[in-house]
Amino acid sequence: MRRQVVIIGSGPAGLMLGALLGRAGIDNVILERKSRDYVLGRIRAGVLEDGTVGLLRSLGIAGRLDAEGLPHHGFALGFAHRRLRIDLTEGTGRHVTVYGQTEVTRDLMDARLAAGMETVYEAEDVALHDFDGPSPRVTYAKDGRTHEIVCDVIAGCDGFHGVARESLPASALTTFERVYPFGWLGVLANVPPCSHELIYAAHERGFALCSMRSPTRSRYYVQCAADEKAEAWSDQRFWDELRRRLDPEAAAAVVTGPSIEKSVAPLRSFVAEPLRFGRLFLAGDAAHIVPPTGAKGLNLAAGDAFYLAEALEEFFVERSEAGIDDYSRRALARIWKAERFSWWMTSLLHRFDHLTPFERRMQDAEFALLESSALARAALAENYVGLPY
Ligand code: RFL
Ligand code: PHB
């Protein structure tokens, strides 16, 4: 079999890239290790930048997003039992949309199916070959047989634990990493949110986040130990801990109910450079990780897909290599700014056990600055709604 582009991974990066390439008439197949239902069962991000929404609209697949997504024009920072509202729209003229990653994934999968573009689910032992030359190959096992696809380009969109980045010689990559000494315990529940806007709360017991998926479905997180087991947390223990970390009004407004999902996510900052090796390109979590505090992971994946699709369109349609030569530089310029923002939000809001008294005062001073300076709030808002592509 021969294809122009083999995309590895059907998360947001791979699906978005596949949709953008399909629109440009570039033939592509997605190889995904898991089943469709498994991919749709993962509960992850919830906040879309307006650039991500714009991309989905430009692809003509934003019908459900426009009907069901919740426009948010601000959020709150909680600290010292006070709440400071960050007005997103006042400073930027833009806003974000609360719409789950699961829903984005479903919309992209449905559109792909309707357009007749192929996805191979449960593709095992995916292996990449010859990507340092003009005819890379990808092999995989399915239904007890080994398959081979010869292609022009491989897109590694297979997440942090995928095979694409691992296929590179270590000497080809420079990596940058910070592993935070804590995780987030997340709970999804069919209860109305405690506030109509998100609350990011700093507290001496640890960070807490009040988010949502719809007016009847809430998503809450509390900072926990990195090696915490979700099973150690009964629903009651979670609700009690959450309430302790919120201001009294928010705590009183929390409606509790049985959790429908509960999981622990580690927090990490990571970047691998560059994003291109011959005919292999990395995009999304395969190349970089941000801690979820800035709500940037999914949005960065979409940004990478946008840049890579533009570059590949130049390559296949205009027969120019200028775009693919520049992909890594262009994407990394935006990635590093999102890394900075996510690291900053994480540093500001979490409890770190070993902060010096000076560092604690720095956290307090950041809040004091945000409280007193409209320009500081506008800078936060500009990053949160998303820097331009
Ligand atoms: P994804 O979504 O991980 O998709 C990669 C896909 O590749 C498949 N795959 C393979 N396929 C074939 N062969 C292999 N060898 C393969 N190895 C892996 C996987 O099954 C998967 O389907 O990466 P992508 O597309 O780059 O998208 C990135 C976003 O998913 C990610 O940045 C965010 O979800 C990060 N993230 C969060 N971001 C937020 O903004 N807010 C959150 O609350 C939030 N929570 C999370 C998260 C990421 C998590 N991970 C990765 C553990 C919670 C978790 C648990
Ligand atoms: C979520 O709703 O899952 C969510 C929202 C904002 C974040 C992270 C996660 O910063």
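This report describes an open sheet and the helices that pack around it in a predicted model.

**The sheet**

The open sheet has eight strands, in the order β6-β5-β13-β14-β15-β12-β16-β19, and its pairing is mixed. At the edges are β6 (82–87) and β19 (288–289), each of which pairs on one side only. Strand β19 runs antiparallel to β16 (residues 259–273), and two bridges join them. Phe270 has Ile289 in β19 as its bridge partner.

**Helices on the sheet**

Helix α7 packs on the sheet, and helix α12 lies across three of its strands, β5, β6 and β13. The table lists the strands and angles for each helix.

| Helix | Strands | Angle |
|---|---|---|
| α7 (residues 235–244) | β12 (174–189), β14 (208–214), β15 (217–224), β16 | about 80 degrees with β15 |
| α12 (residues 374–385) | β5 (74–79), β6, β13 (199–201) | about 65 degrees to β6 |

**Helix α12 and its partner α11**

Helix α12 also packs with α11 (residues 357–372), at an angle of about 105 degrees and with the axes 5 Å apart. The two helices, α11 and α12, are therefore roughly perpendicular to each other. On the α11 side, Leu369, Leu370, Glu371 and Ser372 meet Ala374, Ala376, Arg377 and Leu380 of α12. By type, the residues of this contact are five nonpolar, one polar and two charged.

Another residue of helix α12 is Asn383. Asn383 counts as buried because its relative accessible area is 11%, under the 20% cut-off. Apart from its neighbours within four places in sequence, Asn383 is in contact with Lys296, Arg340 and Phe341.

Terms used: Residues numbered from 1 in each chain as written. Chains lettered and ligands numbered in written order. Predicted model: local features only at pLDDT ≥ 70, side-chain atom pairs only at ≥ 80, totals over all residues. Heavy atoms only, no water. Pairing = 2+ DSSP bridges. Helix = DSSP H or I, 4+ residues; strand = E, 2+ residues; numbered from the N terminus. Contact = heavy atoms within 4.5 Å. Axes fitted to C-alpha atoms, helices over the stretch in contact; angles between N-to-C directions. Buried < 20%, exposed > 50% of the residue type's maximum accessible area, 1.4 Å probe, protein only. Parallel < 35°, antiparallel > 145°, perpendicular 65-115°, else oblique. Nonpolar A, V, L, I, M, F, W, Y, C, P; charged D, E, K, R; others polar.
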